[in-house]
Amino acid sequence: SHLITCTVTGAADEQAAETVSKSVIGSALTKAAIFGADANWGRVLCAIGYAPAEFDIDKVDVALKSTAGTVTVCQNGAGVDFSEEEAAKVLAEDEIYILVDLNQGDEKATAWGCDLTYDYVKINGDYRT
């Protein structure tokens, strides 16, 4: 139900940026949070942490963006105060951007994916070969 774009900037090298962006896009917990319009920055940070890339998690910033606006949810690897109401509006749009700044270089990469809906789980859970 949502197109998700994750752009990682500030990486030390292109491979790190690509690896982190793919890790965020591939995270089932991040996909579920986007489906539920839940600005759960911890799920995004967890997905970033799973990426097999070198970076300092204490320098990472995360923002959520759509046509409804932008909400910064994490700075320097920690949560920041933000309006849950504003975040819900941002996440209610069809296209969601997860903006990750590793703050450790000049390289960037973008990955695309989608959320994880009830119907997707049901269809694929009932599917038999």
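These exercises work through the fold of a predicted model.

**Exercise 1.** State how many helices and strands the protein chain has, and give their order.

*Solution.* Start with the totals: the chain holds five helices and six strands. Next, read from the N terminus, which gives the order β-α-α-α-β-β-β-α-β-β-α. Finally, check the overall packing. The radius of gyration is 14 Å, close to the 14 Å that the globule rule gives for 129 residues, so the chain is as compact as a globular protein of that length.

**Exercise 2.** Describe how strands S2 and S3 are joined and paired.

*Solution.* First locate the strands: S2 covers residues 61-66 and S3 covers residues 69-75. Then look at the link, a hairpin with two residues between S2 and S3. The two strands pair in the antiparallel sense, over five bridges. As a landmark, find Val-62, which stands opposite Cys-74 in S3.

**Exercise 3.** Describe the pairing of S3 with S4, and find the residue with a positive phi in their hairpin.

*Solution.* S4 consists of residues 78-79, and its pairing with S3 is antiparallel, over two bridges. Gln-75 faces Ala-78 of S4. Two residues lie between the strands in this hairpin, and Asn-76 takes a positive phi near 55°.

**Exercise 4.** What share of the residues is buried, and how many charged side chains of each sign are there?

*Solution.* Take burial first, with buried meaning under 20% relative accessible area. Of the 129 residues, 38% are buried. Now count charges: 9 side chains are positive and 21 are negative. The centres of these two sets are 7 Å apart.

Conventions
Residues numbered from 1 in each chain as written. Predicted model: local features only at pLDDT ≥ 70, side-chain atom pairs only at ≥ 80, totals over all residues. Heavy atoms only, no water. Pairing = 2+ DSSP bridges. Helix = DSSP H or I, 4+ residues; strand = E, 2+ residues; numbered from the N terminus. Rg over C-alpha atoms; globule rule 2.2 N^0.38 Å. Buried < 20%, exposed > 50% of the residue type's maximum accessible area, 1.4 Å probe, protein only. Lys, Arg positive; Asp, Glu negative; His and termini not counted. Charge placed at Lys NZ, Arg CZ, Asp CG, Glu CD.
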